[in-house]
Structures are given as structure tokens and as C-alpha cells.
Amino acid sequence: MRTAFSRPRHRCVGAILALLLLAAVASIAASGLASASTSGSRGKARLALKQRDPATVSGTGFKPRARVRVTFAGTQTFVRRPVTNSVGSFTATFPTVADRCTSWSVTASQPGRATVVLRGPAKPACAPMSTP
């Protein structure tokens with residue numbers, strides 16, 4: 001037997017499930033962007049590809065005024081060690097191109113924190129070169 005109180009409860013549960021589903025879809029959609037993050041004690045450490053030629057990444061959410069080891073691994077491997085600013089951000093530029101035709105990855109790490117990884121395309125999205 002239904003009471004007057006059972007219907008609003010079902011609507012509330014339905015609304016909560018709809019919000020959770022919407023959050024999950026937004027999370028999946030955001031994972032396709034060229035950025036990566038990990039949780040830390042001061043918030044989320046994030047990496048984002050800012051420019052492809054030359055390959056430039058920016059990081060936020062790292063320890064303030066601390067050195068970060070940033071490694072770009074593609075056809076060649078490059079390492080940079082920028083120092084974060086007062087809010088834990090940095091920018092690192094590498095003498096290479098982060099294009100859609102080759103797979104690449106960028107990692108950023110600090111002692112005592114989780115490593116953040118940003119990956120390029122797993123499967124290159126280029127047409128094969130034509131021969132004359």
C-alpha cells in the first residue's frame with residue numbers, strides 16, 4: 001500500500017541517480033581532452049598540452065616553489081626540471097612536436113606525490129604517406 005510519503009522519496013532517488021549519471025557522462029567526455037590529473041594533499045595536480053610545436057605543457061596543483069621532473073617521451077625523450085611558482089604552476093617546453101601521427105607521453109613528478117601522466121594518441125591518426 002502506498003502512502004503519501006512514498007512518491008516524493010522515489011522522485012528524490014530518481015533525481016539523484018540522474019545527477020550521478022550526468023556526472024559520469026561528463027567525466028567520460030572530459031577524459032578525451034589533452035589533460036591529466038591526480039589527487040594530492042593540496043588539490044589536484046594537472047597537466048595540459050598547451051602547444052604542439054614546440055611541445056609545451058603546463059602543470060597546476062603541484063607543491064609551490066618546488067622542482068618538478070617533467071619528461072616528454074616520444075620519438076626522443078626530453079627531461080625538464082622547472083620550479084613551480086607560488087601557487088604550484090609551471091610551464092615546460094620541449095624541442096619536439098607533439099603531433100597526432102606519433103604516440104607520446106608526458107610525466108610530471110615531485111618527491112612524495114603521485115606522478116601525473118598525459119598521453120597522446122595511442123593509435124596514430126595519420127593517413128599513410130603516399131608514394132610518387
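A residue counts as buried when its relative accessible area is under 20%, and as exposed when that area is over 50%. Keep these cut-offs at hand for the exercises below, which work through a predicted model.

**Exercise 1. Decide whether Phe62 is buried or exposed, and describe its surroundings.**

Step 1: Find the residue. Phe62 sits in the loop between S3 and strand S4 (69–73).

Step 2: Apply the cut-off. The relative accessible area of Phe62 is 4%, so Phe62 is buried.

Step 3: List the neighbours. Setting aside residues up to four places away in sequence, Phe62 touches a set of residues including Ala45, Arg46, Val68, Phe90, Ala108 and Val116.

Step 4: Check the backbone. Lys44 is 18 residues from Phe62 along the chain, and their C-alpha atoms are separated by 7.8 Å.

**Exercise 2. Compare Arg65 with Phe62: is Arg65 buried or exposed?**

Step 1: Arg65 belongs to the loop between S3 and S4.

Step 2: With a relative accessible area of 64%, Arg65 is exposed, whereas Phe62 is buried.

Step 3: Look at the backbone too. Arg65 has a positive phi of about 50°, although it is not a glycine.

**Exercise 3. Work out which aromatic rings form a cluster, and how they are arranged.**

Step 1: Start with the count, which comes to three aromatic pairs.

Step 2: Take Phe72 and Phe94. Their ring centres are 5.6 Å apart and their planes meet at 35°, so this pair is tilted. Phe72 lies in strand S4 and Phe94 in strand S6, so the pair ties together parts that are 22 residues apart in sequence.

Step 3: Turn to Phe72 and Trp104. Here the ring centres are 5.9 Å apart and the planes are at 15°, so the pair is stacked. Trp104 lies in the loop between S6 and S7, 32 residues from Phe72, and the pair links distant parts of the chain.

Step 4: Test for burial. Phe72 has 2% relative accessibility and therefore counts as buried; Trp104, at 5%, is buried as well.

Step 5: Put the pieces together. Phe72, Phe94 and Trp104 form one aromatic cluster.

**Exercise 4. Identify the residues that touch the most other members of the largest nonpolar core.**

Step 1: The core has 19 residues, and those touching the most other members are Val57, Val70, Phe72, Phe90, Phe94 and Val106.

Step 2: Ask where the core residues come from. Strand S2 (43–51), S3, S4, S6, S7 and strand S8 (116–119) each supply at least two.

Step 3: Zoom in on Phe94. Beyond four places in sequence, Phe94 touches Pro54, Ala55, Val57, Val70, Phe72, Phe78 and Arg80.

Step 4: Follow one of these contacts. Pro54 is in the loop between S2 and S3, and the peptide bond from Asp53 to Pro54 is cis, with omega near -5°.

Step 5: Recall the general background. In soluble globular proteins, nonpolar side chains tend to be buried together.

**Exercise 5. Describe how S7 and S8 pair, and which residues of S8 are covered.**

Step 1: S7 and S8 pair in the antiparallel sense over four bridges. Ala108 stands opposite Val116 in S8.

Step 2: Examine the connection. The two strands, S7 and S8, form a hairpin with six residues between them, and Gly112 in the turn has a positive phi of about 80°.

Step 3: Sort the faces of S8. Val116 and Leu118 are on the covered face, while Val117 and Arg119 are on the uncovered one.

Step 4: Relate this to a general pattern. In a regular strand the side chains alternate between the two faces of the sheet.

How values were computed:
Residues numbered from 1 in each chain as written. Predicted model: local features only at pLDDT ≥ 70, side-chain atom pairs only at ≥ 80, totals over all residues. Heavy atoms only, no water. Buried < 20%, exposed > 50% of the residue type's maximum accessible area, 1.4 Å probe, protein only. Contact = heavy atoms within 4.5 Å. Core = buried A, V, L, I, M, F, W, Y, C linked by side-chain atoms within 4.5 Å. Pairing = 2+ DSSP bridges. Phe/Tyr/Trp six-rings, centres within 6.5 Å; stacked < 30°, edge-to-face > 60°.
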